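Q: Got a minute to go through this model with me? I want to talk about pockets and one helix.

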Amino acid sequence: MPLTPDQLAEIEAARATPHPTLRAVSEGMEAHLYRAHPVLDHGFIRVIDYMGDDSAIVQAARVSYGAGTKHVQNDEGLIRYLMRHWHSTPFEMCEIKLHVKLPVFVARQWIRHRTANVNEYSARYSILDREFYIPAPDQLAAQSTVNNQGRGEVLTGEEAARVLELLKSDANRAYDHYEAMLSQDGQQGLARELARMNLPANIYTQWYWKVDLHNLFHFLRLRADPHAQYEIRVYAEAIAATVKDWVPLAYGAFEDYRMGGVTLSSKAIAVLKRRLAGETVTQEASGMSKGEWREFVEVWG
C-alpha cells in the first residue's frame, strides 16, 4: 500500500491542526497539502510545503507590494504575457516541495532535471521495503519498430504471462538475496550500502523534491507530454493536477503556450508563409531535414 495506517493518521492530524499565517496562501493548494495522491501500484506524490501563488508572480513582475495585483483580469493578462515572451524569473518566485514515492528506474529519469533540490531515502542507512513496480497488463508492450526509445504493440496471451512472471520472480528473488546478505540476526553479512547493489531497478525509493514553478513547468512540459514514458508521465500528470489548483492563472497560460503551443524555426515560418501565398512546398524545397519536416507535417499537415 502507498501509505501505512500510521502515516495516514499523521497526515489527518496535520490537516486537522491549521496554523494562522500572514503569508499568501492558495486555497486550491491548501486542499492538497500533506495528502497522498496514488500513482502506479505502490507510489504516490504529496505536497509537503509551497510558497507563493498567482499573485506572487504578478508582484515579482511589477516589483510592488500589491498595487495593481487585485484585478484578476489584469493579472491574468500579465501572466500570459510573461509566459508568451519567456520571462521566466517571476515564475521562480513560487516553489513547491513534494514527497514522492517512485520506482528507482523512474527516479533515474527524473533526476536528469537538475534544477531541483533533492533528498532521497538512504539505502545505506535503512533497509528498503519489498515493494516493486509491476506493470499493468496494458503497459506490457514490445519495442517500437519506429521509435528506438518507445513502446510498440501490447503483449497478449502467453507472451504477456511469460514476461509478467519473469518480472515478479526476478524481483522477489533479488530481494530474497538482498535480505539474506544483510548484516542482521547474528549474521555478519554485507553492509547495507553493498547489499543494495543487488536490488532491481523496479524497487521503490522515496525522496523530497523541491523546485520553483519555472523549472517545474519545464519538467511538466517534457514529462506530461504524450510521448513521455508512461511510468514518469503518470507522476507528471498527478503533479500537474495539483499545480493547476495551486496557480490556476499561470497553469492556464502554461497549457496554452507550452503544452498546447508549437515553437517554429525560421525555416518552418518561411514554409508557412509560402503555403499561405499558395505555393506547394516539398521537403526538398523547404530546407528542412527529413526529421524536422516530419514533425512539421504532423502539426501543419
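A: Here are some notes on the pockets, then on one helix.

A: This is a predicted model: local features need pLDDT of at least 70, side-chain atom pairs count only at pLDDT 80 or more, and totals for chains, interfaces and linings use all residues. Residues are numbered from 1 along each chain as its sequence is written, and side-chain values use heavy atoms, with hydrogens and water left out.

Q: How much space lies in the largest pocket?
A: About 1,500 Å³. A pocket here is an open set of points on a 1 Å grid where a 1.4 Å probe fits, with protein on both sides within 12 Å along at least five of seven lines. Lining residues have an atom within 4 Å of a point.

Q: Which residues lie nearest its centre?
A: Asp225, His227, Ala228, Glu295 and Glu298, out of 42 lining the largest pocket.

Q: Which element gives the largest share of that lining?
A: Helix 13, with seven residues. Helices are DSSP runs (H or I) of at least four residues, and strands (E) of at least two. Helix 9 also supplies at least two residues of the lining.

Q: And the second largest pocket, how much space there?
A: About 380 Å³. Of its 15 lining residues, Pro18, His19, Glu30, Leu33 and Tyr34 are the closest to the centre. Strand 2 gives the most, three residues.

Q: Back to helix 9. How many of its residues are buried?
A: 12 of 17, where buried means under 20% relative accessible area (1.4 Å probe, protein chains only). Among them are Arg233, Tyr235 and Trp246.

How values were computed. Buried means under 20% relative accessible area, exposed over 50%, partly exposed in between (1.4 Å probe, protein chains only). Grid points are joined across faces, edges and corners, and a volume is the space filled by probe spheres set on the points.
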